[in-house]
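User: Could you take a close look at one part of this model with me? I would like to understand its nonpolar interior, with some context from the rest of the chain.

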Amino acid sequence: MSVKKRKRQVIKKKLFTKNRLVILNEDTFEEIFSLKLTLMNVFVVATLGAIIIIFVTTFIIAFTPLREYIPGYSSSKLKKEATELALKSDSLEQALHKNEAYIASIRKVLTGDVDYAHLSKDSIKAGNSDDLTKLNLTATEDEKKLRQEVEQEDKYNLFEQAKPKVGTVLFAPVKGHITEGYSAKNKHYAVDIALAKNTPIKSVANGTVIFADWTPTNGNVVILRHNDGLLSVYKHCESLTVDQGDTVRTGEVIAVAGSTGEQSTGIHLHFELWKEGYPIDPTQFIAFE
């Protein structure tokens with residue numbers, strides 16, 4: 001134990017022994033500055049200085065723009081640009097998926113490789129066919145009474161406004177004799193109308209030209225995009241009067257009739273109507289004769 005005590009005393013004596021730090025003039029040996037120090041004082045001052053330096057450095061890095069000058073530390077501008085680029089890339093990815101789906105629909109229009117959709121004449125939107133045989137359609141006594149009250153009210157209602165079931169009214173592109181009608185069974189998703197050469201072909205509704213070019217199979221083709229995902233297709237035209245990207249109005253001339261393309265058998269208009277990638281019978285909505 002005495003040895004340990006002696007060591008402790010020696011260490012304590014070294015730590016608390018006062019020393020004098022003197023700065024002299026080298027030529028005159030005049031004392032310029034002196035300071036009494038102990039090893040404990042030096043240790044405490046050095047520790048406090050290190051803590052202050054660490055605190056100041058942390059504050060600069062965390063709360064001042066000077067952190068941007070530290071190598072390897074990303075600036076706020078760089079973070080903002082990275083966030084904006086991430087948002088833009090996400091938007092571009094969504095737009096790309098939509099364009100891919102849209103291009104797939106256009107490819108179906110041009111090739112006719114589609115599944116048949118059952119459609120209602122009262123709407124241009126595709127509907128699901130439900131089995132109504134299992135439903136109980138017998139009216140109850142309360143329903144009969146309510147119907148009588150409604151009939152009495154409507155009988156004297158002078159301000160009733162009827163609303164059409166079809167949201168889009170389509171204009172006939174041409175008037176003529178239908179030589180081949182719509183047939184999903186034969187994969188003829190169009191109507192062929194016999195015409196005289198150079199007969200004007202008109203747009204069935206307001207829309208945008210998304211395709212206007214010549215194809216080996218169908219000759220000169222125009223595809224218009226309308227509201228509610230509706231597409232109208234005009235094939236085997238002699239010439240086109242619109243370009244891709246043009247905006248057309250209902251009844252505006254977009255082409256003239258002819259017989260172009262390998263599949264053409266005479267001067268006629270091959271007209272197709274599509275809804276969200278599915279073909280529909282144009283005669284349900286347009287009177288061609």
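To start, what percentage of the residues of the chain count as buried? And from there, which residues have the most contacts inside the largest nonpolar core?

Analyst: Happy to! Please keep in mind that this is a predicted model. Of the chain's 289 residues, 27% count as buried. The surface is the other side of that picture: about 21100 Å² is exposed, and carbon and sulfur atoms supply 56% of it.

Now to the interior. The largest nonpolar core has 30 residues, and those with the most contacts inside it are Leu 170, Ile 201, Tyr 234, Ile 254, Phe 271 and Ile 286. Strands E4 (191-194), E6 (207-215), E7 (219-225), E8 (230-240), E10 (253-257) and E11 (268-275) are the elements that give two or more residues to this core. A second core of eight residues is separate from it, and includes Ile 210, Ile 223, Leu 231 and Trp 274.

For context, the chain has four helices and twelve strands in its secondary structure. Counting contacts between residues at least 6 apart in sequence, 59% join residues at least 24 apart.

Elsewhere in the chain, there is also a hairpin to look at. Strand E1 (residues 19-24) runs antiparallel to strand E2 (residues 31-37), and six bridges join the two. Within this pair, Val 22 stands opposite Ser 34 in E2. Six residues lie between E1 and E2, and in that turn Phe 29 has a positive phi of about 55 degrees.

Terms used: Residues are numbered from 1 along each chain as its sequence is written. This is a predicted model: local features need pLDDT of at least 70, side-chain atom pairs count only at pLDDT 80 or more; totals for chains, interfaces and linings use all residues. Side-chain values use heavy atoms; hydrogens and water are left out. A nonpolar core is a set of buried Ala, Val, Leu, Ile, Met, Phe, Trp, Tyr and Cys residues joined through side-chain atoms within 4.5 Å. Buried means under 20% relative accessible area, exposed over 50%, partly exposed in between (1.4 Å probe, protein chains only). Contact means heavy atoms within 4.5 Å. Accessible areas come from the Shrake-Rupley method with a 1.4 Å probe; for residues, only the protein chains shown count as cover. Two strands pair if DSSP finds at least two bridges between them.
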